[in-house]
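Subject: Structure for you to look at

Hello,

I am passing on the structure we talked about, with a short account of what turned up in it. Please open it alongside this message.

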Amino acid sequence: MHRYHARRSARARPATGFVSQPEPKTIGHFARGRQLISGNFLFAGSFVQAPNALIWDIGIDNMRVAEEIQGCAWLDDLAAVGDMRARERAQAWVSEWIVRFGNGTGPGWTPDLTGRRLIRWINHGLFLLRGQDKAKSDTFFRSLGQQTLFLAKRWRTAEPGLARFEALTGIIYAGLALEGMEKFAPPAIKALAEDCDTQIDAMGGIPTRNPEHLLEVFTLITWTTQALTNAGQTPPRQFTDALERIAPTLRALRHADGSLARFHGGGRGIDGRLDHALADSLVRVTPMEQRDLHMGFARITAGRTSMIVDADAPPVGAASSDAHASTLAFEVTSGRRPIIVTCGSGRSFGEDWRRAGRATPSHSTLWINGYSSSRLAPPVKGSRATELLLDVPQLVQCEFSNLDDGKRIELSHDGYRQTHGLTHARTIDIAIDGRGIVGEDLLTTLGPNDESRFDALQSRTSPGVPYTIRFHLHPDVNATVDLGGGAVSLILKSGEVWIFRHDGQARLSLEPSVYLENGRLKPRASQQVVLTSAAMAYATRVRWSLAKAQDTPDAVRDLTPNDPVGGYDDTSRGH
């Protein structure tokens with residue numbers, strides 16, 4: 001049906017110009033824009049070096065690559081460069097899209113991709129039209145109108161969540177910005193208001209639990225609110241309410257360096273995107289400190305140290321298509337320097353990396369060897385369908401408490417109970433000055449049935465249940481094992497030195513790891529601190545600590561005038 005409506009829309013001749021000059025809102029990667037201009041194309045894990053190729057020649061036989069290109073988010077990257085070569089590339093590639101796909105054929109005619117493309121074309125309209133003759137301009141506006149007509153007919157088929165928000169925002173943008181498209185805005189505004197009520201929960205979260213997706217939804221609602229206000233219209237109350245629910249959650253998921261926690265397929269976010277979105281929203285609400293979960297994540301701050309823990313089960317059903325088996329994993333940042341991280345989403349580096357990034361070993365938590373805390377459905381050969389998570393933990397607990405000299409968080413999940421009879425419990429204490437973290441990981445049975453299941457796994461040749469506790473390090477952390485092998489020194493770029501130690505109940509090693517980051521041509525090499533042992537009894541404990549070296553001052557060449565040193569500060573303060 002998409003193709004039928006796309007071809008019908010392509011025969012229309014609706015829009016003739018902008019009602020008002022659009023103001024660019026999207027933020028791109030300058031480095032990636034330079035790569036595109038040089039002919040280095042990296043999409044969905046496929047890298048092609050073709051200096052003289054059109055972008056539509058890339059990934060013709062790879063549907064994931066084609067779909068990523070069709071959304072035209074790369075326009076943000078070219079606009080971030082903004083010079084003549086970047087503009088010429090953008091103009092040539094958009095013109096070629098109209099020639100190849102403007103008749104309603106090709107992979108780009110889905111509601112979410114069309115909405116994403118419309119937003120970019122309108123955002124960068126002046127960038128794309130500069131120096132173009134009337135014929136080119138007329139063709140551009142005709143295509144915008146045709147895509148708007150298609151969206152108006154097909155937005156209901158978009159999956160609830162980010163895809164639906166993109167489709168509806170695209171219609172509203174077009175209805176407010178394009179001549180002759182005004183009638184399509186009101187129904188889309190009403191539908192978007194309903195989705196704000198149904199798709200964003202009372203605590204400002206979304207079903208996928210993807211922090212970067214939450215930022216995208218927040219940004220789309222902010223843009224729509226501003227566009228309506230600039231057009232002299234009053235945004236629906238649901239828009240404002242949704243922004244007020246989401247803003248505190250985003251602030252809670254924001255590390256002190258300004259980046260987002262990288263869980264469930266989300267990345268750190270484009271530099272400045274989160275701060276701009278929070279500032280533009282004009283929402284000043286901050287999260288409740290240390291007591292509530294924020295979209296299933298727990299946040300603890302002390303001094304210059306921030307920790308964000310995945311303290312809930314992964315999403316299930318359709319929302320789990322990019323979810324990770326990361327329950328009880330955490331990230332730690334000191335000032336503006338990440339220390340402990342997750343490996344991240346491998347989506348941009350291909351299917352193998354995407355699957356690896358979703359597994360428990362790619363997160364800073366305990367892993368029973370060979371079993372993720374949530375199982376991933378086996379891949380279907382020849383299918384492009386995204387595998388969903390299966391057998392997620394049924395009971396995840398999280399409790400906060402205050403200590404005389406700091407703060408404590410106690411967590412547990414039963415993701416290994418059915419397979420091994422074991423529950424993973426994790427306790428983390430943070431010193432009040434943020435200079436020390438003490439943790440304990442416990443594997444334990446909770447009753448006779450668990451003990452029987454655990455006993456059944458024992459054998460004379462292979463006693464115990466092997467497990468591994470991983471602490472993935474940011475690539476900028478320089479780690480070395482100290483003499484004697486009982487500790488690891490972690491040196492940050494700021495000059496800070498942190499020492500990792502453990503109680504000797506497991507073998508300590510320093511091993512290679514990777515840091516998966518969008519916008520790069522390949523994964524970044526990094527390291528991980530690894531503790532390995534086997535659970536031999538009904539209760540097995542490992543204690544570890546991470547402490548700032550005594551001779552390291554609190555502010556080592558790493559603060560900027562607006563450094564958010566431990567609270568929820570962002571650039572919206574003072575606006």
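**The sheet**

Eight strands form an open sheet with antiparallel pairing, in the order 10-11-12-13-20-17-16-15. Please keep in mind that this is a predicted model. At the edges stand strand 10 (396–403) and strand 15 (478–481); each has a single partner strand, so one side of each is left without a neighbour in the sheet. On average, neighbouring strands of this sheet are turned by 15° against each other, direction ignored.

As background, strands of a sheet pair through backbone hydrogen bonds, and the pairing is either parallel or antiparallel. One pair to look at is strand 16 (residues 487–491) with strand 17 (residues 497–502), which are joined in the antiparallel sense over five bridges. Within that pair, Ala487 stands opposite Arg501 of strand 17.

**Helix 12**

Helix 12 covers residues 237–252, which is 16 residues. From its first C-alpha to its last it reaches 24 Å, close to the 22 Å expected at 1.5 Å a residue.

Is this helix enclosed or open? Of its 16 residues, 12 are buried, so helix 12 is largely enclosed by the rest of the structure. Among the buried ones are Phe239, Leu243, Ile246 and Leu250, but Gln238, Arg245 and Arg251 are on the list as well. The buried residues pack against three helices and two strands, namely helix 10 (185–199), helix 11 (211–230), helix 13 (273–281), strand 3 (297–302) and strand 4 (305–310).

**Two residues to find**

Leu278 is found in helix 13. The relative accessible area of Leu278 is 0%, so this residue counts as buried, the cut-off being under 20%. Its C-alpha atom is separated by 9.0 Å from that of Thr222, although the two residues are 56 residues apart along the chain.

Arg209 sits in the loop between helix 10 and helix 11. With a relative accessibility of 6%, Arg209 also counts as buried. Its side chain is joined to that of Asp310 by a polar contact of 2.8 Å. Leaving aside neighbours within four places in sequence, Arg209 is in contact with a list of residues that includes Phe263, His264, Met295, Gly296 and Phe297. Also on that list are Asp310, Ala311, Asp312, Ala313, Pro314 and Pro315.

Regards

Notes
Residues numbered from 1 in each chain as written. Predicted model: local features only at pLDDT ≥ 70, side-chain atom pairs only at ≥ 80, totals over all residues. Heavy atoms only, no water. Pairing = 2+ DSSP bridges. Helix = DSSP H or I, 4+ residues; strand = E, 2+ residues; numbered from the N terminus. Axes fitted to C-alpha atoms, helices over the stretch in contact; angles between N-to-C directions. Expected span 1.5 Å × (residues − 1). Buried < 20%, exposed > 50% of the residue type's maximum accessible area, 1.4 Å probe, protein only. Contact = heavy atoms within 4.5 Å. Polar contact = N/O pair within 3.5 Å; in protein donor to acceptor, adjacent residues only side chain to side chain.
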